[in-house]
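Let's take a friendly walk through a protein structure. Have the sequence and the 3D view ready, and turn the view as you read.

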Amino acid sequence: MTVAGGPSAPAVLVSDLRKVYAGRAVVDGLSFRIETGSVFAILGPNGAGKTTTVEILEGYRHRDGGQVSVLGRDPATAGAELRGRVGLMLQGGGIYPQARPREILRLYARFYRHPRNPDELLEQAGLADVARTRYKVLSGGQKQRLGLALALLGRPELAILDEPTAGMDPAAKASTRELIATLRSEGTTVLLTTHELADVEQMADAIAIVDRGRIVAAGTPAELASGAAPRLRFRLERALDAPELAALGRALGGGTVRADRGPGAYLVDGLDSTPSLVLALAAWCAERGLLVAELRTTGATLEERYLALTAERVLDA
Amino acid sequence: MPELSNAAPARQATLAQLGMELRLTARRGENLFVIVVLPLILLIFFALVPALTPNTPKPIDFLLPGILALAVISTSLVNLSIATAFERSYGVLKRLGGSPLPRAGLVAAKIGAVIVVEVLQVALLTGVAVALFGWAPGAGASIAVVIAAFGLGTLAFGGLGLLMAGTLRAEGTLAAANGLFLVFLLLGGVILPVDHLPGLLADLARVLPASALSDAYRIGLGSASGDALPSLLVLLGWGAIASLLAARSFRWE
């Protein structure tokens, strides 16, 4: 028997988890802890071992090594009791093509003692208009939202969402993130996997960046982003030409000014963000009558950090 | 600590799943064709055109037990295997496996749905035989034999159906189920008596579960005399082996 969870017990505890397929370690010594009531994201490129990891936590796969505790239970041996406390959203839906959203929610509602109201859930998921439409003719985003609604139906203590925003249009992504934020405010623990940075930046309390079955970085979004040295970023009212860029670099004291994302956006490489650097930039612009539209001296964005950590992998792909 | 869990009692979840299985069966046109239309056409056509069917004493007396056997095959083998195989390939079984519905509950719901459909088939086909062809049970009819044939036939063909659905790809199951349906229609003593087949084929036909089921039905409904036990034992053997293999080899995804 496992020890019942006290107030400080984590919702999920994973230590040195391993899974081997055909001699290759797909999950290679993962350890992490998810605090009760928090949103935890496993971020990583396709093939990093994210789905394998959550499927072990969901009880679908057996591990080859390590320890796993989900709500104080071992998912490899727990039965319907644990499945009544954990809500799942799988990749690829897993819903009858001929079934209709309302009917499938009503079916799954009968699997719980105290389910959420299927009709309210349809409304919240933006599926009220297609409540009687066959699953196979729903759009990809609608299928995803139905999958999410199924995960929430049983008022889970822990929701495990595998790529919850994949295949959604921006509006659906935004409402999905809202729904997850609501869950969090209700005290539900959420574990999600994603390869979308916007998901974790906006939703996650803690992140593990996974690559090739290993955690390459972990922390809060801010901690991860601050892992790189702060750089000066700015946006001007117009774009600079090459001689101007070179001149600006010299004026700033030998750094390289290069284009950032968006027209007129630049960042400074090779120089620390100091007050005098900001002054030099402002002075150079003032001489030319150029307005600095935006100025930031924050650390690297999470995206930069993520790309740096998984760069090798991206190049391989 | 079951009170911590929001999982419903297994019985409630199983009954809900049974309802879903029945609704989906009724919704899929291809299912209705093979479980309702096809047996009905064969029954009416060969009762009117008894080219292959012996008079025992009327063609319908031979035909109805055979078509009732075919109805069991269409539901517990063809329909069950194809639906389950596609559910497996769509990830439906996986998704249900992650819900509080126990796996045993899912299997029970599927078996329950098969039995409900088969009972409706019996009512429809027998009703048509009575209404159109004046069928009545023969002198030696035994309801116990009919029920045993019904149950063991469902076990044998349902076991075969789940064995295919749990191991083959969905497309493979579709082809195999339709192929077996044809084999059992031709060699199962459904329309054509097994005795009319050439020697080797007749010997093969006699060990198949289809002829065992139609023979048992014929004895049970009083169309034939004799001991039903050997046929029932053949069905039990097929049922035990197929169900055991299905349980051991079934892959849920």
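A helix here is a DSSP run of at least four residues, numbered from the N terminus. With that in hand, we can place a residue: B:Glu87 lies in helix α3 of chain B, which covers residues 59-89. Keep in mind that what you are looking at is a predicted model.

**A buried glutamate in chain B**

Is B:Glu87 buried or exposed? Its relative accessibility is 2%, and residues under 20% are called buried, so B:Glu87 counts as buried. Which residues does B:Glu87 touch, leaving aside its neighbours within four places in sequence? Within chain B, its contacts are B:Glu21, B:Arg28, B:Val92, B:Leu93 and B:Lys110. B:Glu87 is also in contact with A:Tyr96, a residue of the other chain.

One of those contacts, B:Leu93, gives us a handy point to start from. B:Gly151 is 58 residues from B:Leu93 in sequence, and their C-alpha atoms are 25 Å apart in space. You can find B:Gly151 in helix α6 of chain B, residues 143-167. B:Gly151 counts as partly exposed, at 37% relative accessibility.

**Where the two chains meet**

The contact from B:Glu87 to A:Tyr96 leads us to the interface. How many residues take part in it? On the chain B side there are 32 residues, and they are in contact with 36 residues of chain A. Together the two chains bury about 3,100 Å² between them, and carbon and sulfur atoms give 54% of that area. Three residues stand out on the chain B side: B:Asn6, B:Arg27 and B:Arg95 supply 26% of the area that chain B buries against chain A, more than any other three residues.

There are charged and polar links across the interface too. Side chains of opposite charge can pair when their charged atoms come close. Between chain B and chain A, the count is 4 salt bridges. B:Arg23 forms a salt bridge with A:Glu103, and the closest N and O atoms of this pair are 3.0 Å apart. The two chains also share 19 residue pairs in polar contact, both residues being at pLDDT 80 or more.

Which parts of chain B supply this surface? Helices α1 (10-27) and α4 (92-97) of chain B each supply at least two residues to the side that touches chain A. Of the elements of chain B, α1 gives the most to that side, with 9 residues. Sorted by class, the side of chain B that touches chain A has 16 nonpolar, 8 polar and 8 charged residues.

**A look at chain A**

Now turn to chain A as a whole. Chain A has 12 helices and 13 strands. Its C-alpha atoms fill a box of roughly 70 × 45 × 40 Å, taken along the principal axes. The domain assignment gives domain 1 as residues 12-222 and domain 2 as residues 231-298. The centres of these two domains of chain A, taken over C-alpha atoms, are separated by 43 Å.

How much of chain A is buried? Of its 317 residues, 49% are buried. Among the contacts in chain A with a separation of 6 or more, 69% are between residues 24 or more positions apart.

**Salt bridges within chain A**

Over all chains, a search of the whole structure finds 31 salt bridges. Here are some pairs from chain A, with the distance from N to O.

| Salt bridge | Closest N to O distance |
|---|---|
| A:Glu55 and A:Arg61 | 2.6 Å |
| A:Arg235 and A:Glu294 | 3.3 Å |
| A:Glu287 and A:Arg288 | 3.4 Å |

What do A:Arg235 and A:Glu294 tie together? A:Arg235 lies in strand β10 (residues 233-236) and A:Glu294 in strand β13 (residues 292-296) of chain A, so the pair links parts that are 59 residues apart in sequence. A:Arg235 is partly exposed at 32% relative accessible area, and A:Glu294 is partly exposed at 42%.

The other pairs have settings of their own. A:Glu55 counts as buried at 6% relative accessibility, while A:Arg61 is partly exposed at 22%. A:Glu287 is exposed, with a relative accessible area of 64%, and A:Arg288 is partly exposed, with 38%.

Salt bridges can also be joined up: A:Asp16, A:Arg18, A:Asp28 and A:Arg214 are linked in a network of them.

Notes
Residues are numbered from 1 along each chain as its sequence is written. Chains are lettered from A and ligands numbered from 1 in the order in which they are written. Side-chain values use heavy atoms; hydrogens and water are left out. Domain bounds come from an automatic or database domain assignment. Contact means heavy atoms within 4.5 Å. Buried area is the accessible area (1.4 Å probe) that two parts lose on being put together, summed over both. A salt bridge is a side-chain nitrogen of Lys or Arg within 4 Å of a carboxyl oxygen of Asp or Glu. A polar contact is a pair of N or O atoms within 3.5 Å; within protein, one must be able to donate a hydrogen and the other to accept it, and residues adjacent in sequence count only if both atoms are side-chain atoms. Ala, Val, Leu, Ile, Met, Phe, Trp, Tyr, Cys and Pro count as nonpolar, Asp, Glu, Lys and Arg as charged, and the others, Gly among them, as polar. Buried means under 20% relative accessible area, exposed over 50%, partly exposed in between (1.4 Å probe, protein chains only).
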